[in-house]
Amino acid sequence: CVTLCDADFLEDLAHDLRNVPSAARENSKVLQQELDAFEWAVSFVEAHAKPLIARAALDEEPSGMIGWLLEAMLPTAATTVEDHLGVLLEALRRELSELKR
């Protein structure tokens with residue numbers, strides 16, 4: 001390590017360290033935008049999931065993401081759409097809360 005810590009290395013390190021605060025601020029802005037987008041998605045699911053699931057359930061052959069969503073959300077003998085939606089929303093809200101810390 002001592003052989004690596006010459007004057008050039010220290011000069012480069014000092015130069016790089018000058019850029020850390022601005023880079024951190026920029027990263028913080030991007031992370032906040034991502035958090036805002038996730039919060040919007042949670043709100044969207046809260047507002048629109050139930051009608052979308054009900055409408056998609058009417059399709060004869062749902063595919064892709066809608067098929068997966070129906071499989072995960074449709075009621076079974078022991079559960080309802082509300083049960084599944086409640087679990088999903090609880091997980092999304094918990095994740096959002098963790099991300100905001």
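Is E39 buried, partly exposed or exposed, and what is its relative accessible area? In this predicted model, E39 is partly exposed, and its relative accessible area is 28%. The paragraphs below place this residue in its setting, beginning with the chain as a whole.

The chain contains 4 helices and 0 strands. Read from the N terminus, its elements follow the order α-α-α-α. Helix α1 covers residues 7-18, helix α2 covers residues 20-57, and helix α4 covers residues 81-100. Of the 101 residues in the chain, 12% are buried. The accessible surface amounts to about 8200 Å², and carbon and sulfur atoms account for 60% of that area. When contacts between residues at least 6 apart in sequence are considered, 54% of them join residues at least 24 apart.

Salt bridges were examined next. In general, side chains of opposite charge can pair when their charged atoms come close. The whole structure holds 4 salt bridges, among them one between the side chains of K100 and E39, with an N to O distance of 2.8 Å. Because K100 belongs to helix α4 and E39 to helix α2, this pair ties together parts of the chain that are 61 residues apart in sequence. K100 is partly exposed, at a relative accessible area of 45%. Its partner E39, at 28%, is likewise described as partly exposed.

The surroundings of K100 extend to a further residue. Once neighbours within four places in sequence are set aside, K100 is in contact with L35 and E39. Between K100 and L35, the C-alpha to C-alpha distance is 7.6 Å, although 65 residues separate the two in sequence. K100 thus has in E39 a partner for both a contact and a salt bridge.

A second salt bridge joins E46 and R93, whose closest N and O atoms are 2.7 Å apart. This pair links distant parts of the chain, with E46 in helix α2 and R93 in helix α4, 47 residues apart. E46 counts as partly exposed because its relative accessibility is 36%, a value that falls between the limits of 20% for buried and 50% for exposed. R93 is also partly exposed, at 42% relative accessibility.

Around R93, the contacts beyond neighbours within four places in sequence are with V42 and E46. The C-alpha atoms of R93 and V42 lie 7.2 Å apart in space, while 51 residues separate these two positions in sequence. E46 can also be related to G86, a residue found in helix α4. The C-alpha atoms of G86 and E46 are separated by 9.3 Å, and the two residues are 40 apart along the chain. G86 is partly exposed, with a relative accessibility of 33%.

Another salt bridge is formed by E98 and R101, with 3.5 Å between the closest N and O atoms. The partners fall into separate classes of accessibility: E98 is partly exposed, at 44% relative accessible area, whereas R101 is exposed, at 74%.

The surface also carries patches of residues. One of them is nonpolar and consists of F9, L10, L13, L17 and V20. Together these residues present about 440 Å² of accessible area. Helix α1 supplies the largest share of this patch, namely 4 residues. V20 lies in helix α2 and is partly exposed, its relative accessible area being 44%.

A patch of negative charge was also found on the surface, where D6, D8, E11, D12 and D16 gather. Within this group, D16 is placed in helix α1. D16 is partly exposed, with 46% relative accessible area. Helix α1 therefore contains D16 of the charged patch and also provides the largest share of the nonpolar patch.

Notes. Residues numbered from 1 in each chain as written. Predicted model: local features only at pLDDT ≥ 70, side-chain atom pairs only at ≥ 80, totals over all residues. Heavy atoms only, no water. Patch = residues over 30% accessible without salt bridge, like charges linked within 9 Å, V, L, I, M, F, W, Y side chains within 5 Å. Areas by Shrake-Rupley, 256 points an atom, 1.4 Å probe, with all protein chains shown as cover. Lys, Arg positive; Asp, Glu negative; His and termini not counted. Charge placed at Lys NZ, Arg CZ, Asp CG, Glu CD. Helix = DSSP H or I, 4+ residues; strand = E, 2+ residues; numbered from the N terminus. Buried < 20%, exposed > 50% of the residue type's maximum accessible area, 1.4 Å probe, protein only. Contact = heavy atoms within 4.5 Å.
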